[in-house]
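Here are some exercises to work through with the sequence and the model open side by side. Try each task yourself before you read its solution.

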Amino acid sequence: MGDAGEKSASTSEADPRLADLERDALVYAAVVDSALDAVIVVDEDGRVVTMNASAEACFGYSKSEALGRSIGELIVPDRHKAAHEAGLARYRATGVPRVLGRRVEMEARRKDGATIPVELAITEVKLPDRRYFTANLRDLSAAKAAETEIQRQRDALHQTEKLAAIGSLLAGVAHELNNPLSVVLGQATMLEEELAGIAAASATGARATQIRIAAERCARVVRSFMAIARQHKAEKRAVQAPALLDGAVELLSYGLRSNGVAVYRDYDGQMPEVFVDPDQLQQIVVNLIVNANQALQETEGSRAIEIRTFVGDDGHARIVVDDSGPGIPDALRAQIFDPFFTTKPMGVGTGIGLSISRGLAQSQGGQLGLVPSLLGGAAFELVLPLATRNGGQVEQEAGDPAPDIQPATGLRALVVDDEPDIAKLVSEALSRQGYRSDLAGSGAEAQALISATGGAYDAVICDLRMPDVDGAALFQWIKAHHPALAGRVLFITGDSLGPAAGRFLAECGRPFLEKPFAPGDVARLVASFSTLPRATPGT
């Protein structure tokens, strides 16, 4: 050992160039071993000569395992091996490699069989008697995952922007639709009342009834749609679940019927009320029915959805939406509630319905999950808390009979609306309660009439969205100049979906009617003003 060391030292001292080569080799080896990318050196036959620590970590082979083995055997996926062998054969025949000096992306295989994306750059090392090839491979798994996540977030942002745009568009569409629908509903109702008891007009009265029923159905659909789209804090109260479930089915009835889907209801008639926000409950159920209907479009044979309600052993209400569709594969069951995850084709759905529905269920103190299907498809179970009255006051609900309104005399109202047909409808409804009405087509006209009469109106029924002076601005003017009249203002609106309108209605504390409305709705709310002191000029 001593003689060899002395001989090596003396050789290096005798030939400085050899010492430089030895030093350079050590530096090169240190650089390669410490490189963050995988480095594999192969000979002309494609057999591994050496590899660095990063290559061992990346591909799972130790250097001793890899030495002398074909690189194609080690890291080339099976489906690419034929092309790899063809490339080597072409190189041996022509001596011209095609990938030298280029950076290419490809797939590589790890020892455990997993395939990873890599970036490959090959350089040639020529020696006097042979040549080697150094393959630098960079694992792109993290970069590809980050790229995929960025694209997912970009798509999610795009979907969110689309939904926000749809919400803004919906407010305008609802306003335009609600005005004529209010006129149809109101005029049909009044015509039906006028013809009631007139034998000669029984056929006409029956037609008026049909128009009113159809208009009321349209009104329910519009209200349900607006309730789903409206953004507001949860307002929980005790509600009967069946009415909301039926409303969701009615909202989607045309799509279900045209798709040949039969809807069955199995309600527990003894189930108590649930304590929820009714709008949000209906939104959850609508989302579930929409998903079921879309799944059934690809189903051959019988297409059915069943809605079941019952009380579970834990004392919570259960609402199950079950379908006879293809169901959900086991591999996807854990992902279906993830935001923007969808199994639907491109352009069908947004992938947020189930995520939103689960969030809404949790905000109600409940839960939404998958349960075994009785129809062979997918069954979603909504768990909700039951209402407990605890002896508290129960508000009058939709099903309670309306109070009997007795017409008054000598009352004066101001109706403010830029839609003449709506203003006339409200005026006619008030005339049946003993009101004589003045009509104004804008907030500015209303200000002039109020000033001219000194504010001597018993009621002001005002549209919220109008040109020039809108309902909110008119109300602020009334509060400043005729504060006693501010307590007699009733708003009608088809735009409560808009954030500004919703915020104003919440802050002003005045009653309001959403279009479309029936004449009796106006009379019922205005009747509450009878308990206030009569307005006098100048107050």
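The exercises below go from salt bridges to a sheet, then to helix pairs and loops.

A word on conventions first. This is a predicted model, in which local features need pLDDT of at least 70 and side-chain atom pairs count only at pLDDT 80 or more, while totals for chains, interfaces and linings use all residues. Residues are numbered from 1 along each chain as its sequence is written, and side-chain values use heavy atoms, with hydrogens and water left out.

**Exercise 1. Salt bridges**

Task: find how many salt bridges the model has, then describe the pairs Arg265 and Asp246 and Arg308 and Asp322.

Solution.

Step 1. Start with the rule: a salt bridge is a side-chain nitrogen of Lys or Arg within 4 Å of a carboxyl oxygen of Asp or Glu. Counting this way gives 23 salt bridges.

Step 2. Take Arg265 and Asp246, whose side chains meet at 2.8 Å, N to O. This pair links distant parts of the chain, with Arg265 in strand E7 (residues 262-266) and Asp246 in helix H9 (residues 241-251), 19 residues apart. Helices (H or I, at least four residues) and strands (E, at least two) are DSSP runs, numbered from the N terminus.

Step 3. Check accessibility, where buried means under 20% relative accessible area, exposed over 50% and partly exposed in between, with a 1.4 Å probe and protein chains only. Arg265 is partly exposed at 42%, and Asp246 is partly exposed at 30%.

Step 4. Now turn to Arg308 and Asp322, where the closest N and O atoms are 3.3 Å apart. Arg308 belongs to strand E9 (residues 304-311) and Asp322 to strand E10 (residues 317-323), so the salt bridge ties together parts that are 14 residues apart in sequence. Arg308 is buried at 10%, and Asp322 is buried at 0%.

Step 5. Finally, look for shared partners: salt bridges join Glu44, Glu124 and Arg131 into one network.

**Exercise 2. An open sheet**

Task: work out the strand order of the open sheet of 5 strands.

Solution.

Step 1. Two strands pair if DSSP finds at least two bridges between them. The order is E2-E1-E5-E4-E3, with antiparallel pairing.

Step 2. Locate the edges, which are strand E2 (48-51) and strand E3 (103-109), each pairing on one side only.

Step 3. Look along the sheet: the twist averages 35 degrees from one strand to the next.

Step 4. Zoom in on one pairing. E3 and strand E4 (residues 115-126) pair in the antiparallel sense over 7 bridges, and Glu107 has Pro117 in E4 as its bridge partner.

**Exercise 3. Two helix crossings**

Task: classify the crossing of H14 and H15 and that of H13 and H18.

Solution.

Step 1. Fix the geometry: axes are lines fitted to C-alpha atoms, for helices over the stretch in contact, and angles run from 0 to 180 degrees between N-to-C directions. Angles under 35 degrees count as roughly parallel, over 145 as roughly antiparallel, 65 to 115 as roughly perpendicular and the rest as oblique.

Step 2. The axes of helix H14 (residues 443-453) and helix H15 (residues 471-481) come within 9 Å and cross at roughly 20 degrees. H14 and H15 are therefore roughly parallel to each other. Residues in contact (heavy atoms within 4.5 Å) include Ala446 and Ile450 of H14 and Leu474 and Trp477 of H15.

Step 3. The axes of helix H13 (residues 420-431) and helix H18 (residues 519-527) come within 9 Å and cross at roughly 60 degrees, which makes H13 oblique to H18. Among the residues that make this contact are Leu425 and Ala429 of H13 and Val522 and Val526 of H18.

**Exercise 4. Two loops**

Task: describe the backbone at Pro516 and at Asp468.

Solution.

Step 1. Pro516 sits in the loop between strand E17 (512-514) and H18. A cis peptide bond joins Lys515 to Pro516, with omega about 0 degrees.

Step 2. Asp468 is in the loop between strand E15 (459-463) and H15. Its phi is near 45 degrees, a positive value in a residue other than glycine. Asp468 is exposed, at 56% relative accessibility.
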